[in-house]
Amino acid sequence: MTADTSMEQWTWPPRYDETYRPPEGQTHWLPRRETMPAEQREELILARIRQIMAYAWDNAPFYRRKWDEAGIHPSAIRTLADFEKVPVVRKEELRADQAAHEPFGSYLCVPPDEVKHINGTSGTTGRPTAFGISERDWRSVANAHARVMWAMGIRSSDTVLVASPLSLYWGSWGAYIGAERLGARVFPFGAGAPGQTARTVRWIKQMGVTVLYGTPSYALHLAEVAEEEGIAPASLGLRAMVFSGEPGASIPTIRSRITETFQVGVYDSGSMAEAAPWMNLGAAADEPGVLCWQDLVYTEVCDPVSHQRLPYGAEGTPVYTTLERTSQPMIRLLSNDLTRWEAPSAERGRTYPFLPRGIYGRIDDMFTVRGENVHPSAIDEVVMAAPGYGGEHRIVISRESAMDTLVVQVEYDPRQPEESLPGWVERISGRLRTVLGVGARVVPVRQHTFDRTGFKARRVIDNRELLQRMVTDPPPGSIP
Ligand code: 8LH
């Protein structure tokens, strides 16, 4: 095997120099990889895709079966356009394959005893999926995340606190090993245990934490708890927050709420755990949006039905191909998320495609009210920007005499006089009507009506299915 010398540390299988770290003042971790003309990089990516497809064909019955059925052989992929014809992998397929080939599925490409780390999906609905990660892949992810976090301005002098669950969630571990590889001081604090957020506030101050990793929802919750403890969030001493896991960091109003409350730089990142290194979508500046770090995970924004790559400027769903994973490589993994992408531009300092609003929703979270498609994140954006917002809200969709209705229950800040509430409600409803194109009934509720989350927020309550079931499947004894 001859290493391609035109990009730094670009070998298959991946092998990173673990002693390497750029000088503190250098902007890029791997300057050539990050700044070379995108077309040149794509040639190298195509060559890598061909290697990985051949590797998966030889080692993963899952891929061989799938491609055989589609009449595709890796040797037929000669261009990136050919690659668009490779059928996508859906999360359900991975789950079913693991059920049939326990424990890691027939897409595991290394001998099982080479799996040295296990993570998994939380499996709140259905069978969880296990991630079997070899030591080589673990190190590739650490090196990749170090590189992206370096672009976020994180350095060895930083103390990084991981404020998301340190269990199955790959997000926490990926941030942890990336920060560690970069030479920072790391603090695996976790989140979600009773009373833990108040302890987070105290530890941040005591340990001089400078960077926090978590979800945007958690940051907002942390601010509330800090204030309850009599500590101004801006006095905690944080200088940056790195987010992933849910929309927020690239949604302007949520983002500015966080930057203003904590006086920090905000960095968005994250794709899918299966596609780790998930920081392949990662910001390189304190501004909304993420770059697609194509030489880590090749990202195509695709038509949600045909799964063909869309031109820059279009909205579609990201499809991911890991370029540095050997244990469970993902080849055209369908995300079902929504984003819009822009062409690479050297002006951004790195020649990668750009998602100006990050990932702003999931196709299956989108709902239709009176013919208008509504993304929950668009509602979040409006209500969280409202002065006097009390910290949480819920989006309730129900059906009244065959018409879908949208109710947004919004907590209000108790410092707001009760008599000002009707005007407040009116302003939020008006704004929602303008942004969504349909009316929503806004219901003010007392602060702390709703649970806070230490992790990813779930704010949509869809009552339509329940109502439908009551009609089609009435409980025994009910009068037809
Ligand atoms: C996001 C974002 C984001 C994830 N903006 N939506 O990204 C971290 C990894 C570990 C993660 O969250 O993986 P997981 O648990 O498989 O969830 C993936 C989903 O989470 C993804 O499909 C998106 O819907 C969402 N997500 N990062 C908006 N920065």
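This briefing walks through a predicted model of a chain with a ligand. The chain has 480 residues, and 44% of them count as buried. Its secondary structure comes to 13 helices and 21 strands. The radius of gyration is 23 Å, close to the 23 Å that the globule rule gives for 480 residues, so the chain is as compact as a globular protein of that length.

**Confidence and overall build**

- The average pLDDT of the chain is 93, and 95% of the residues score at least 70.
- For the model, ipTM is 0.99 and pTM is 0.92.
- A word of care for when you zoom in: where pLDDT is low, the predicted coordinates should not be read in detail.
- Taken along the principal axes, the box filled by the C-alpha atoms is roughly 75 × 60 × 40 Å.
- Among contacts between residues at least 6 apart in sequence, 67% join residues at least 24 apart.

**Around the ligand**

- There are 18 residues around the ligand, and those that come nearest are Gly-171, Ser-244, Gly-270, Ala-273 and Ile-359.
- By character, the shell around the ligand divides into eight polar, six nonpolar and four charged residues.

**Helix α9 and its neighbours**

- Helix α9 covers residues 216-228, which makes 13 residues.
- From first C-alpha to last, α9 reaches 19 Å, close to the 18 Å expected at 1.5 Å a residue.
- The buried residues of α9 include Pro-216, Tyr-218, Leu-220, His-221, Leu-222 and Ala-226.
- Those buried residues pack against two helices, α8 (196-207) and α10 (252-262), and against the strands β5 (211-214), β6 (240-243) and β18 (389-400).
- Just after α9 comes Gly-230, with a positive phi of about 80 degrees.

**Ile-254, a residue to look up in α10**

- Ile-254 lies in helix α10, and it counts as buried because it has 24 C-beta neighbours inside 10 Å, where 20 or more are needed.
- Leaving aside residues up to four places away in sequence, Ile-254 touches Pro-216, Gly-248, Asp-380, Glu-381 and Met-384.
- One of these partners, Pro-216, is also among the buried residues of α9.
- Another partner, Glu-381, is 127 residues from Ile-254 along the chain, yet their C-alpha atoms are separated by 6.2 Å.

**Cis peptide bonds before proline**

- The peptide bond from Trp-12 to Pro-13 is cis, with omega near -5 degrees; Pro-13 sits in the segment before α1 (31-35).
- Ala-276 and Pro-277 are also joined by a cis peptide bond, with omega about 10 degrees. Pro-277 belongs to the loop between β7 (265-268) and β8 (281-282).

**Positive phi outside glycine**

- Arg-370 is not a glycine, but its phi is positive, near 45 degrees. You will find Arg-370 in the loop between β16 (367-369) and β17 (372-374).
- With 12 other C-beta atoms within 10 Å, Arg-370 is exposed, because 12 or fewer is the cut-off for that class.
- His-448 likewise has a positive phi, of about 70 degrees, although it is not a glycine. Its place is the loop between β20 (441-446) and β21 (460-462).
- His-448 has 13 other C-beta atoms within 10 Å and so is partly exposed.

Terms used:
Residues are numbered from 1 along each chain as its sequence is written. This is a predicted model: local features need pLDDT of at least 70, side-chain atom pairs count only at pLDDT 80 or more; totals for chains, interfaces and linings use all residues. Helices (H or I, at least four residues) and strands (E, at least two) are DSSP runs, numbered from the N terminus. A residue is near a molecule or strand if its C-beta atom, placed from the backbone, lies within 6 Å of it. Ala, Val, Leu, Ile, Met, Phe, Trp, Tyr, Cys and Pro count as nonpolar, Asp, Glu, Lys and Arg as charged, and the others, Gly among them, as polar. The radius of gyration is taken over C-alpha atoms; the globule rule is 2.2 Å times the number of residues to the power 0.38. Two residues are in contact if their C-beta atoms, placed from the backbone, lie within 7 Å. pLDDT is the predictor's confidence in each residue, from 0 to 100. The expected span of a helix is 1.5 Å times one less than its number of residues.
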